[in-house]
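Grab your viewer and a coffee. Below is a short set of exercises, each with a solution worked out step by step.

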Amino acid sequence: MTSIGAHGSAPSTLLVTGGAGFIGSHTCVELLGHGYELIVVDDFSNSTPRVFTRVERLTGRRIKAVHDVDVRDRRALSAVFDRHSVDAVVHFAARKAVGESTRLPVEYYDTNVGGTTNLLRAMQQHGVHRLVFSSSCSIYGDAGRVPLDETAPARPANPYAASKWACEQILADVCRRHPEFTVLSLRYFNPVGAHPSGLLGEDPRGTPDNLMPYVAQVAIGRRERLSVFGDDYDTPDGTAIRDYLHVMDTAEAHRVALEHLADAPGMQVFNLGVGAGRSVLDVIAAFGDACGRPIPYKIVPRRPGDVTELVADATAVERAWGWRATRDLAAMCRDAWRFQQHNPHGYAAPAQQRA
Ligand code: UD1
């Protein structure tokens, strides 16, 4: 099935930066499955090219080209645009660990902001003006109210969040100055889960920072127990609340965004979430149901920088595109568990077939 043609001006050849990463790889499956030609740029600093064999196996289609390029490398990035005729860009490539960003602020601004300005320069020089940008709910910071719509003020509380907010401001300035640009910035809440095949999922290097991959590694026995960061939040069970979003819904939203890039000039910003808050203990219980055994955990002090509650008002995207996330927490846990079972050591070894 292809969406090209349904919207006359939908782009057909896409440059995907960070296409080997967690959200990037799932989006590649969605886009290839809908007939797009893909050029991927990734420096594999937190991912592996092995993922593309799986992306191609799942879709029965080939990625046109993969370039091992750091988005900060101006000449190499420009050379990619020289070689391929690109209609639009989906920009995932970034560093994304909140804690690490407080230790390595220069690295975060350099990759996330510098990488984005470099990309914009290359796009301008090559007459490419359509972009879907990976933003984050973290730019809202400790908003103190939920659900959050797109008009909530930005209060980034760490360099990662500040780098994403800086990118949004740069993109808005570019769109103001250059009316030929159209940009859709998607503020993800908490993408989790995996492709339902068990072939693609989240494979962080080292100890996972994020909740769902950590829980999955406890479930498979790679780690003894989960540390729950704080049970003294002002929430019904005392643990922090997030809006978890299936990565396949996240991927689908990018495909829908591309179909709507030409709807309006300039920059538009949308939350991507389910619109429902789930606590850390909710996730532990749902994952226990998915894997058939309880997840061992202990309560430890709060993690610095964490906020009590972040839930999206996800209605703007539905009003604009008639699209909403459909997969629930049970599906997120089931799919993350399937990936973990089939790939107990991530992408380092071939996927194991299980019934
Ligand atoms: C953060 C960012 C988000 C970013 C994401 C990717 C904020 C507000 N959000 O999400 O924008 O895209 O990282 O890295 O900065 N938890 C535990 N034990 C663990 C791990 C996590 O209890 O071992 C808890 C956390 O305290 C939090 C919840 O689980 O309450 C979710 O944490 P996590 O998966 O790390 O995502 P965020 O911090 O919400």
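The exercises go through the ligand site, the cavities and a few backbone and side-chain details of this predicted model.

**Exercise 1. Describe the shell around the ligand: which residues come nearest, and how do the residues divide by class?**

Step 1. Start with the neighbours. There are 20 residues around the ligand, and Ser-136, Leu-211, Ser-227, Arg-242 and Asp-306 come nearest.

Step 2. Sort the shell by class. You should get ten nonpolar, five polar and five charged residues.

Step 3. Look for the element that gives the most to this shell. That's strand β8, residues 226-229, with four residues.

**Exercise 2. Find polar atoms of the protein that sit close to N or O atoms of the ligand, then work out what share of the ligand the protein buries.**

Step 1. Try the backbone. A polar backbone atom of Lys-96 is 2.9 Å from a ligand oxygen. At Ser-227, a backbone N or O atom lies 2.7 Å from a nitrogen atom of the ligand.

Step 2. Now the side chains. Asn-210 has a side-chain N or O atom 2.9 Å from an oxygen of the ligand.

Step 3. Finish with the surface. On its own the ligand exposes 750 Å², and the protein buries 92% of that.

**Exercise 3. How many cavities of 30 Å³ or more does the structure hold, and what lines the largest cavity?**

Step 1. Count them: three cavities reach 30 Å³ or more.

Step 2. Take the largest, with a volume of about 70 Å³. Its lining is made up of Gly-193, Ala-194, Gly-201, Glu-202, Met-212, Pro-213, Ala-216, Ala-336, Phe-339 and Gln-340.

Step 3. Map that lining onto the elements. Those giving two or more residues are α7 (211-219) and α11 (329-342).

Step 4. Split the lining by class: six nonpolar residues, three polar and one charged.

**Exercise 4. Repeat the job for the second largest cavity: which residues line it, and how do they divide by class?**

Step 1. The volume here is about 40 Å³.

Step 2. List the lining: Glu-202, Asp-203, Pro-204, Gln-217, Arg-222, Phe-339, Gln-340, Asn-343 and Gly-346.

Step 3. By class, you have two nonpolar, four polar and three charged residues.

Step 4. Check for overlap. Glu-202, Phe-339 and Gln-340 turn up in both linings.

**Exercise 5. Is Arg-187 buried or exposed, and which polar partners does its side chain have?**

Step 1. Place the residue: Arg-187 belongs to strand β6, residues 182-188.

Step 2. Apply the cut-off. Buried means under 20% relative accessible area. Arg-187 has 5% relative accessibility, so it counts as buried.

Step 3. Look for partners. The side chains of Arg-187 and Glu-168 share a polar contact of 2.6 Å. A polar atom of the Arg-187 side chain also lies 3.4 Å from the backbone oxygen of Glu-150.

**Exercise 6. Inspect two backbone spots: what kind of peptide bond joins Val-146 and Pro-147, and what is phi of Phe-44?**

Step 1. Check omega between Val-146 and Pro-147. The value is about -10°, and the bond is cis. Pro-147 sits in the loop between β5 (130-136) and α6 (159-177).

Step 2. Go to Phe-44, in the loop between β2 (37-42) and α2 (50-59). Its phi is near 55°, a positive value in a residue that isn't glycine.

Step 3. Use the same cut-off as for Arg-187, under 20%. With 13% relative accessibility, Phe-44 therefore counts as buried.

Technical notes:
Residues are numbered from 1 along each chain as its sequence is written. This is a predicted model: local features need pLDDT of at least 70, side-chain atom pairs count only at pLDDT 80 or more; totals for chains, interfaces and linings use all residues. Side-chain values use heavy atoms; hydrogens and water are left out. On a 1 Å grid over the protein atoms alone, a cavity is a set of points where a 1.4 Å probe fits but cannot get out, and a pocket is an open set with protein on both sides within 12 Å along at least five of seven lines; lining residues have an atom within 4 Å of a point. Grid points are joined across faces, edges and corners, and a volume is the space filled by probe spheres set on the points. Ala, Val, Leu, Ile, Met, Phe, Trp, Tyr, Cys and Pro count as nonpolar, Asp, Glu, Lys and Arg as charged, and the others, Gly among them, as polar. A residue is near a molecule or strand if one of its heavy atoms lies within 4 Å of it. A polar contact is a pair of N or O atoms within 3.5 Å; within protein, one must be able to donate a hydrogen and the other to accept it, and residues adjacent in sequence count only if both atoms are side-chain atoms. Accessible areas come from the Shrake-Rupley method with a 1.4 Å probe; for residues, only the protein chains shown count as cover. Buried means under 20% relative accessible area, exposed over 50%, partly exposed in between (1.4 Å probe, protein chains only).
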